[in-house]
Amino acid sequence: MNDLDDLKTKKGYFVIITIIVIIILLSNLGQNFKTDNFSFSNTITNYSNMYSYYTTSKTYEEYISKSSSYIERFLKGQGLKPLNNSFKQKYTLLMPSIQHQSTLEVISKYGKTVKKFKYGVDFIEDFRGKVIPGIFISTPQIIEVNSIDLNKIKYKSSIALTDIYRSKNLYEIYQTDNILKNIGISAVISPVTGDLVTNSNLYNGTYFSDKEGLTKLIVTQKVYDELKYLISKGYEVKLKSGGEIKETNLINIYGVIEGKNKLYNPIVIAVFYDGDYKLNGSQSSISTFLPTSIMIEAIRAIRFQTLIKPDRTIIFAFLSGYNQNKYGLSILQNNLQTSDLIVLEDVGMSSQAIVNFSKDTKDLASTIEYYLKRNQINILSKNIDFNGYNKYTNIAALSQEQKLNSLYISKWGKFLLDVIGNTSYNLDFLTGNFYRLRLFKNFIREHSSLLSLITLVFLIYVIFKRNKRLT
């Protein structure tokens with residue numbers, strides 16, 4: 001190799017070194033967004049507050065009112081701005097409501113209780129069809145599906161013990177309610193197979209509102225057979241149900257951290273702050289309150305760095321209507337169709353996750369996958385939705401145990417801050433519009449020390465390597 005060839009080779013090496021140095025410098029430009037200031041203790045405080053609102057509320061609607069006000073006060077205290085001039089977006093839905101304790105007893109003709117059934121184990125409110133609260137004492141009229149023509153039935157009692165609802169859909173149940181109401185029946189006890197809560201229509205989301213409805217309970221098949229036997233011996237049944245279908249006030253809460261560049265679509269981080277209904281003596285799952293508590297703490301960790309401004313607008317959404325087909329999410333998606341949406345479910349409950357995403361959010365899903373793995377959260381499955389018209393990425397943690405775990409909570413808190421930092425801070429035109437380039441930039445930043453060392457060694461090699469001449 002002659003001197004001219006050697007010089008050209010060195011120039012090529014210097015060009016490569018220069019490019020590497022420029023990439024490292026560009027990747028390290030901007031302010032340092034901290035992701036290590038997430039507090040487990042603060043999260044537990046948030047959780048305790050949310051749980052106390054649940055335990056002290058007499059109804060689901062009361063819990064919504066108390067907890068939404070708590071979240072709103074926090075957002076205001078952290079300096080977040082409202083969305084469209086309001087932190088709260090109120091709406092109404094037809095929903096089950098439990099007004100008072102429901103009971104089911106068998107009594108003698110002299111009023112003595114001979115059998116008392118256990119709520120949630122033997123019976124529960126029936127929210128299928130036309131439902132109103134009520135109290136009735138009578139010897140029930142037994143109406144069997146294979147032995148009676150409903151149009152020819154004669155009134156004998158205000159209570160019907162019947163299996164005629166078996167295998168009927170909701171509309172058929174509604175029609176059957178009308179027939180029973182027309183022949184004088186006011187209350188119904190019917191059997192179901194399997195889980196009572198699932199069969200009660202409590203979480204289905206499709207309801208009928210009618211002031212002329214029936215007072216209705218469902219029981220297990222075993223209890224149904226036992227009631228038939230006791231009725232045949234002349235005993236009466238005392239039925240009390242507090243269940244009804246009513247217009248219920250629900251609330252979505254939004255807090256906004258405005259970005260410097262309005263050209264970037266906002267990113268929306270959403271959780272549901274409601275969950276299980278307050279049934280008689282029941283306790284809600286930890287997963288109802290934990291995602292909300294984690295997101296509240298993530299907001300605090302972000303606002304602690306007030307001198308660092310996001311380039312992209314961040315919208316934090318606390319949604320309701322989870323058990324009503326996630327209705328609050330539908331409202332959010334209709335209002336913010338162009339935003340990048342991340343929905344978190346049951347996060348903090350384990351170190352295993354399931355990721356579902358729409359066809360338009362592959363790059364965002366890749367970013368989420370990267371940070372899940374970085375925070376040692378295992379991805380059990382990834383599913384792409386080719387049919388949905390809304391843009392979204394849904395991350396659900398697999399619930400393994402019903403207790404608070406500091407390791408799981410800290411992992412998910414750090415993950416959330418990583419995603420927010422990646423998608424919203426220190427963006428330029430390319431990284432602000434292409435998530436994969438943002439990942440590449442962050443990879444360089446995270447490994448800049450090693451890359452700098454390799455570049456230095458390469459530079460020393462180029463400067464001091466001996467020229468080899470061809471003989």
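Helices and strands here are DSSP runs, helices of at least four residues and strands of at least two, numbered from the N terminus. With that in hand, welcome to a set of close-ups of a predicted model.

**Figure 1. The whole chain, before zooming in, holds 13 helices and 17 strands.** The protein chain has 471 residues, and 51% of them count as buried. Sequence-distant partners are well represented: of the contacts between residues at least 6 apart in sequence, 82% join residues at least 24 apart. The accessible surface comes to about 22,700 Å², with 54% of that area belonging to carbon and sulfur atoms.

**Figure 2. Helix H7, spanning residues 290-303, is largely enclosed by the rest of the structure, since 12 of its 14 residues are buried.** From first C-alpha to last, H7 reaches 20 Å, close to the 20 Å expected at 1.5 Å a residue. The buried set begins with a run from Leu-290, Pro-291, Thr-292 and Ser-293 through Ile-294, Met-295, Ile-296, Glu-297, Ala-298 and Ile-299, and is completed by Ala-301 and Ile-302. Notice that Glu-297 and Thr-292 are buried along with the nonpolar residues of H7. The cover over these residues includes helices H2 (40-56), H3 (60-77) and H10 (406-424), together with strands S11 (243-257), S12 (267-272) and S13 (314-319).

**Figure 3. The largest nonpolar core gathers 108 residues.** Leu-104, Phe-316, Phe-318, Leu-332 and Trp-412 have the most contacts inside this core. Its largest share, eight residues, comes from H7. A second, separate core has 10 residues, among them Ala-160, Leu-180, Ile-185 and Leu-214. As background for this view, nonpolar side chains tend to be buried together in soluble globular proteins.

**Figure 4. Leu-319, in strand S13, and Leu-332 touch each other and share some neighbours.** Leu-319 has a relative accessible area of 0%, so it counts as buried. Leaving aside residues within four places in sequence, the contacts of Leu-319 include Ile-251, Asn-252 and Tyr-254, then Ala-270, Val-271, Phe-272, Tyr-273 and Asp-274, and finally Gly-328, Leu-329 and Leu-332. For a backbone distance to try in your viewer, take the C-alpha atoms of Leu-319 and Val-271: they are separated by 6.0 Å, although the two residues are 48 apart along the chain. Leu-332, with residues up to four places away again not counted, touches Tyr-254, Val-268, Ala-270, Ala-317, Leu-319 and Leu-341. Tyr-254 and Ala-270 therefore appear in both lists, each having heavy atoms within 4.5 Å of both leucines.

**Figure 5. Helix H3 offers one buried set of residues to several neighbouring elements.** The 18 residues of H3 should span 26 Å at 1.5 Å a residue, and its end C-alpha atoms are indeed 26 Å apart. Its buried residues are Tyr-60, Tyr-63, Ile-64, Ser-67, Ser-68, Tyr-70, Ile-71, Glu-72, Phe-74 and Leu-75. These pack against H2, strand S1 (88-98), S11, H7 and S13. Just after H3, Gly-79 takes a positive phi of about 80 degrees.

**Figure 6. Tyr-63 and Phe-289 form an edge-to-face pair, because their planes stand at 75 degrees with the ring centres 6.1 Å apart.** This is one of 14 aromatic pairs found in a search of the whole structure. Tyr-63 lies in helix H3 and Phe-289 in the loop between S12 and H7, so the pair ties together parts that are 226 residues apart in sequence. Both Tyr-63 and Phe-289 are buried. Ring pairs also bring in Tyr-47, Tyr-51 and Tyr-54, which join Tyr-63 and Phe-289 in a cluster.

**Figure 7. Lys-130 lies over the face of Tyr-174.** The distance to remember here is 5.6 Å, taken to the ring centre of Tyr-174.

**Figure 8. Asn-84 and Ser-167 each have a positive phi without being glycine.** For Asn-84, phi is near 55 degrees. Asn-84 sits in the loop between H3 and S1, and at 66% relative accessibility it counts as exposed. For Ser-167, phi is about 70 degrees. Its place is in the loop between strand S7 (159-162) and helix H4 (170-182). Ser-167 has a relative accessibility of 77%, so it too counts as exposed, the cut-off being over 50%.

Conventions: Residues are numbered from 1 along each chain as its sequence is written. Side-chain values use heavy atoms; hydrogens and water are left out. The expected span of a helix is 1.5 Å times one less than its number of residues. Buried means under 20% relative accessible area, exposed over 50%, partly exposed in between (1.4 Å probe, protein chains only). A nonpolar core is a set of buried Ala, Val, Leu, Ile, Met, Phe, Trp, Tyr and Cys residues joined through side-chain atoms within 4.5 Å. Accessible areas come from the Shrake-Rupley method with a 1.4 Å probe; for residues, only the protein chains shown count as cover. Rings of Phe, Tyr and Trp (its six-membered ring) pair if their centres lie within 6.5 Å; planes under 30 degrees apart count as stacked, over 60 as edge-to-face and the rest as tilted. A charge sits over a ring if NZ of Lys or CZ of Arg is within 6 Å of the ring centre and within 35 degrees of the ring normal.
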